[in-house]
Amino acid sequence: MADVDARTGTETMVINMGPQHPATHGVLRVRLTLDGERVVEAEPIIGYLHTGFEKSAEYLPWQQCNTLTDRLDYLSPMSNNLAYVLAVEKLLGIEVPARAQYIRVLFAELTRIASHVIWLGTHVMDLGAMGLFFYTMREREVILDIIEATAGVRMNPSYFRVGGLAYDLPDGLLDLVRAFLDEWPRWSRRFRDLVEGNPLIEDRLKGVARLDREQALALGVTGPILRATGLARDLRKLEPYSRYEEFEFAVPVREEGDAFARFWVRMEEMEESVKIVEQALGRISPRGPFTTADRKVALPPRDAVYSDMESLIHQFKLVTQGFTVPAGEVYQGVEGPRGEMGFYLVSDGGPRPWRWRARTPSFYNLQSLPVMCRGGLVADVITAIGSIDIMLGDVDR
């Protein structure tokens, strides 16, 4: 469809990219206004994947809402779990054992690495290089095997629960993590050998899809996109949770604000996550409590259910009715792979949320797409989308 741009007086053409397009990383439609090969406007149109998670959660017990957080962003489910359970625990005013908190950190960082490696493989494939995708998928499988060995499923594990964890670590799990850490330097070197100095990567990313710090802050952008503009904002440092203040790690930043900067921020973040996983391994004791001692919130030990009447009663009430949360409101955010993942919860004192609101990073980060694309080439739209690393479940919630 042709039209005339009122600002320039030139004839423009409007085309749709998506919603079924392999490079939109989900069911996203972008309405492009073009002046030849140049993008005049890029309007993201969402809603094709609407799930109604926020309203559905208001009809579920507090603990069951956890299953919805997995599906908001199925590439980083444990980060979503962590934000939600921390919010509910803040309302309840309960303390989670240190061992459980360290295990949460361990899996949150493994999830970050798994998310970043699949971003790396798909983003580079968007640019025209296929080989790296197969390496990243293979490495991601190792992390998914660790998650499966712990939670019983590879994706959407709902392993973090209000009050602690669903169950204790299985025997030999930490050995699997150590084996992963032993292999990581070799994998990381392979990734870098394939991208460092690669003319395809540099030509398609350098100076493309720019976003400066003022624009990023005005749009509410967080995560690697914001840090690629030179601002070292990371909730693990600014507002530590789950004992992150005990861990030593750097917050990678770049100043350029382009797709190339976002690329290398994520590459460096994987290395920092590996450091955190190594430290977490040293802090996790072989045995110890993995849930709160408050049996009105967390299930009692299985052997106690068969031998203690009070434990049996707590088990029955939690499974059939759930638990109540004191009236109040709370917001809790965590630093997910894509940025700030948070939950605003309102309780009326009942067994389910009165209001359940997710602050998902992809929804805010996607707002930067028009700024990144304006004045660029049509081919750069694909680069911009990949550099944002959106998840449409995050957006259409």
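1. In this predicted model, the charged end of K206 lies over the ring of F260, at 5.1 Å from the ring centre. A second arrangement of this kind involves R266 and W119: the charged end of R266 sits over the W119 ring, 5.0 Å from its centre.

2. Helix α4 covers residues 98-127. Its 30 residues, at 1.5 Å a residue, should span 44 Å, and the C-alpha atoms at its ends are 44 Å apart, so the expected and modelled lengths agree. Of these 30 residues, 27 are buried; the helix is therefore largely enclosed by the rest of the structure. Just after α4, G128 adopts a positive phi of about 115°.

3. E272 belongs to helix α11, which comprises residues 259-283. Is this residue buried or exposed? With a relative accessible area of 10%, E272 falls under the 20% limit and therefore counts as buried. Its side chain reaches the backbone nitrogen of A250 at 2.9 Å. When neighbours within four places in sequence are left aside, the contacts of E272 are with F249, A250 and P252. A250 thus appears both among these contacts and as the residue whose backbone nitrogen the E272 side chain reaches.

4. The structure contains 18 aromatic pairs. One of them joins Y159 and F160 in a tilted arrangement, with 6.1 Å from centre to centre and 45° between the planes. Y159 has a relative accessible area of 0% and is buried; F160, at 0% relative accessibility, is buried as well.

5. Another tilted aromatic pair is formed by F343 and W356, with a centre-to-centre distance of 5.1 Å and an angle of 55° between the planes. Which elements does this pair link? F343 lies in strand β8 (residues 339-347) and W356 in strand β9 (residues 355-359), so that the pair connects distant parts of the chain, 13 residues apart. F343 counts as buried at 0% relative accessibility, and W356 likewise counts as buried at 0%.

6. Ring pairs also join Y102, Y241, Y244, F247 and F249 into a cluster. One of its members, F249, is in contact with E272, which is found in helix α11. The ring cluster and the surroundings of E272 may accordingly be inspected together, with F249 as the residue named in both descriptions.

Methods:
Residues numbered from 1 in each chain as written. Predicted model: local features only at pLDDT ≥ 70, side-chain atom pairs only at ≥ 80, totals over all residues. Heavy atoms only, no water. Helix = DSSP H or I, 4+ residues; strand = E, 2+ residues; numbered from the N terminus. Buried < 20%, exposed > 50% of the residue type's maximum accessible area, 1.4 Å probe, protein only. Polar contact = N/O pair within 3.5 Å; in protein donor to acceptor, adjacent residues only side chain to side chain. Contact = heavy atoms within 4.5 Å. Phe/Tyr/Trp six-rings, centres within 6.5 Å; stacked < 30°, edge-to-face > 60°. Lys NZ or Arg CZ within 6 Å of the ring centre and 35° of its normal. Expected span 1.5 Å × (residues − 1).
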